[in-house]
Amino acid sequence: MVRAARLLKKLNAFAVYAVLALISLLLNLVLPPNAATMAAYHLTKTEYHVLVLLIYLPMAAIWFTAFYGYKTLQDYTALIKKTDEGQNFYKMSIGLVWLAWGAPLSSISSAILYAIVHNNVGLYTTAIIIEHYISVVIAIVAFTYIGIGTHKLAARNQRPTSLSIQLIMLFFTAFGVIYSFFTFNQVTGTSVNPYHLPVWIILLTIIVPYLYAWYMGLFSAYEILLYRQQATGLLYKRALTYIASGIAAIIASSIMVEFITSGTKYLTRLNLNAVLLVVYIFLAISAVGYLLVALGTKKLKKIEEV
Amino acid sequence: MAAKPDLYARVVRITHIYLGPAADRFIARQVENHLHKEPEKISQSDLAQLIDWIRVAVSLLTDDHEIIEEYVLELQRLADSHSHNRAPKRVAHEG
């Protein structure tokens, strides 16, 4: 794990971004299209590839902000690595690395999986399960790292109030029930089960892991805002406001994008434009979040340098 | 952990209001880089120069002149109070 972290530090974030973005673009354009999506939205092969390109370009710009955001946070943590908050910010930055790398890696894996399915339809169910698991593993690892960092930062100050915990539980319960309802509605409301899986497996292998990852993420967002609220230092707090708001925006938008894409993926009656528009709004929020993290981190970095 | 010398600790305490957890590192850096001393060995006679360097450094961090002036004023007050606190002792010693 330590060796992996060292290797990660040595790799230039922007070089990694360029390589992953290029691979993703090439695979999405060259490999055979996703037959299910083509059928669902009545697309020809050319239309499918044009659509992929239109989706890809803004997505690549958003990925760039993610790489830029985590890189600046890691540069700052290198300056304060011997301090307690340095260690905690470092763990948060590892979480952001997972989110940043995860987006293009998910895109690459999906392109490969659906190309395999194109030649072997029998593997469709397996591809769906693997695709979900890749997303969920990335979310769990990313939010767990961010959660460890934010929890230790927040633990240095006052604990959350019982009212705030009650409100988080209420919000999350409602969110979880809506997601479960949405998923079961797709399974039972359509003639063909879009997941091709028994309900209990969907519950245990899709709903539970997603809800766990999202809960970790939501609680992390709350804790970083709590740390910001209780932090001292007028100038430090101003910079921290950007980072805390940025991380909260990244987590909330990542959750919403996963929620929408995993929940509506198989709802063919939904307008594709509407779904894409909503996804892009949340992706744009995520990009703003990464830029806020970069801006706040640069301010904190300056404090450590002058 | 050994207690930090009073003057250094008081400068850090004031700085904490503006720079939070970065205060200790910030002051240590100013003393080491500009006064070429070990941070905890600063004396009252170093304060004027240190305050000047802090003003320059904080001006690079923010354009908010109100905060810069408030911070410098707090440090000036500390310098004044420290010199007043020391004066009677010196008089007594000289006497």
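Helices (H or I, at least four residues) and strands (E, at least two) are DSSP runs, numbered from the N terminus. With that in hand, chain B reads α-α-α-α along its sequence.

**Before you click**

What you have open is a predicted model, in which local features need pLDDT of at least 70 and side-chain atom pairs count only at pLDDT 80 or more, while totals for chains, interfaces and linings use all residues. Residues are numbered from 1 along each chain as its sequence is written, and chains are lettered from A and ligands numbered from 1 in the order in which they are written.

**Stop 1: colour by confidence**

Start by colouring on pLDDT, the predictor's confidence in each residue, from 0 to 100. The model as a whole scores ipTM 0.81 and pTM 0.81. Chain A averages a pLDDT of 84, with 91% of its residues at 70 or above. Which elements of chain A have the lowest and the highest mean pLDDT? Select residues 2-10 of chain A for the lowest: that is helix α1, with a mean of 60. Then select residues 13-30 of chain A, helix α2, for the highest, a mean of 91.

Chain B averages 85, and 83% of its residues score at least 70. Now select residues 88-95 of chain B, where the pLDDT is below 50. Beyond near neighbours in sequence, this stretch has zero contacts in the model. Here and below, two residues are in contact if their C-beta atoms, placed from the backbone, lie within 7 Å.

**Stop 2: helix α4 of chain A and its partners**

Select residues 45-79 of chain A, helix α4, together with α10(A). Two packed helices are described by the angle between their axes and the distance between the axes. For this pair, the axes come within 8 Å and cross at roughly 25°. Axes are lines fitted to C-alpha atoms, for helices over the stretch in contact, and angles run from 0 to 180 degrees between N-to-C directions. Angles under 35 degrees count as roughly parallel, over 145 as roughly antiparallel, 65 to 115 as roughly perpendicular and the rest as oblique. So α4(A) and α10(A) are roughly parallel to each other. Their contact brings together 17 nonpolar, five polar and four charged residues. For these classes, Ala, Val, Leu, Ile, Met, Phe, Trp, Tyr, Cys and Pro count as nonpolar, Asp, Glu, Lys and Arg as charged, and the others, Gly among them, as polar.

Keep α4(A) and add residues 84-119 of chain A, helix α5. This time the axes come within 9 Å and cross at roughly 160°, which makes α4(A) roughly antiparallel to α5(A). Want side chains to show? On the α4(A) side, try Trp63(A), Phe67(A) and Tyr70(A), which are among the residues that meet a set in α5(A) including Phe89(A), Tyr90(A) and Leu96(A). By class, the contact of α4(A) with α5(A) has 14 nonpolar, five polar and no charged residues.

**Stop 3: Ile251(A)**

Select Ile251(A), in helix α9 of chain A. Is Ile251(A) buried or exposed? It counts as buried, because it has 30 C-beta neighbours inside 10 Å. The cut-offs are 20 or more other C-beta atoms within 10 Å of a residue's own for buried, 12 or fewer for exposed, and partly exposed in between, with C-beta atoms placed from the backbone. Leaving aside neighbours within four places in sequence, the contacts of Ile251(A) are Ile146(A), Gly217(A), Leu218(A), Ser220(A) and Ala221(A). Draw a C-alpha to C-alpha distance to Trp214(A): the two are 37 residues apart in sequence and 8.5 Å apart in space.

**Stop 4: where the chains meet**

Show both chains. The contact takes 12 residues from chain A and 15 residues from chain B. On the chain A side, α9 (234-264) and α10 (272-305) are the elements giving two or more residues. The largest share, four residues, comes from α9(A). The chain A side divides into six nonpolar, two polar and four charged residues.

**Stop 5: chain B**

Hide chain A. Chain B has four helices and zero strands, and 22% of its 95 residues are buried.

Select His36(B), in the loop between α2 (23-35) and α3 (47-61) of chain B. Most residues other than glycine have a negative phi, and most peptide bonds are trans. Phi of His36(B), however, is near 55°, a positive value. His36(B) counts as exposed, because it has 7 C-beta neighbours inside 10 Å.

Finish at Gln76(B), in helix α4 (residues 65-94) of chain B. With 13 C-beta neighbours inside 10 Å, Gln76(B) counts as partly exposed. From Gln76(B) to Glu32(B) is 44 residues in sequence and 20 Å in space, C-alpha to C-alpha.
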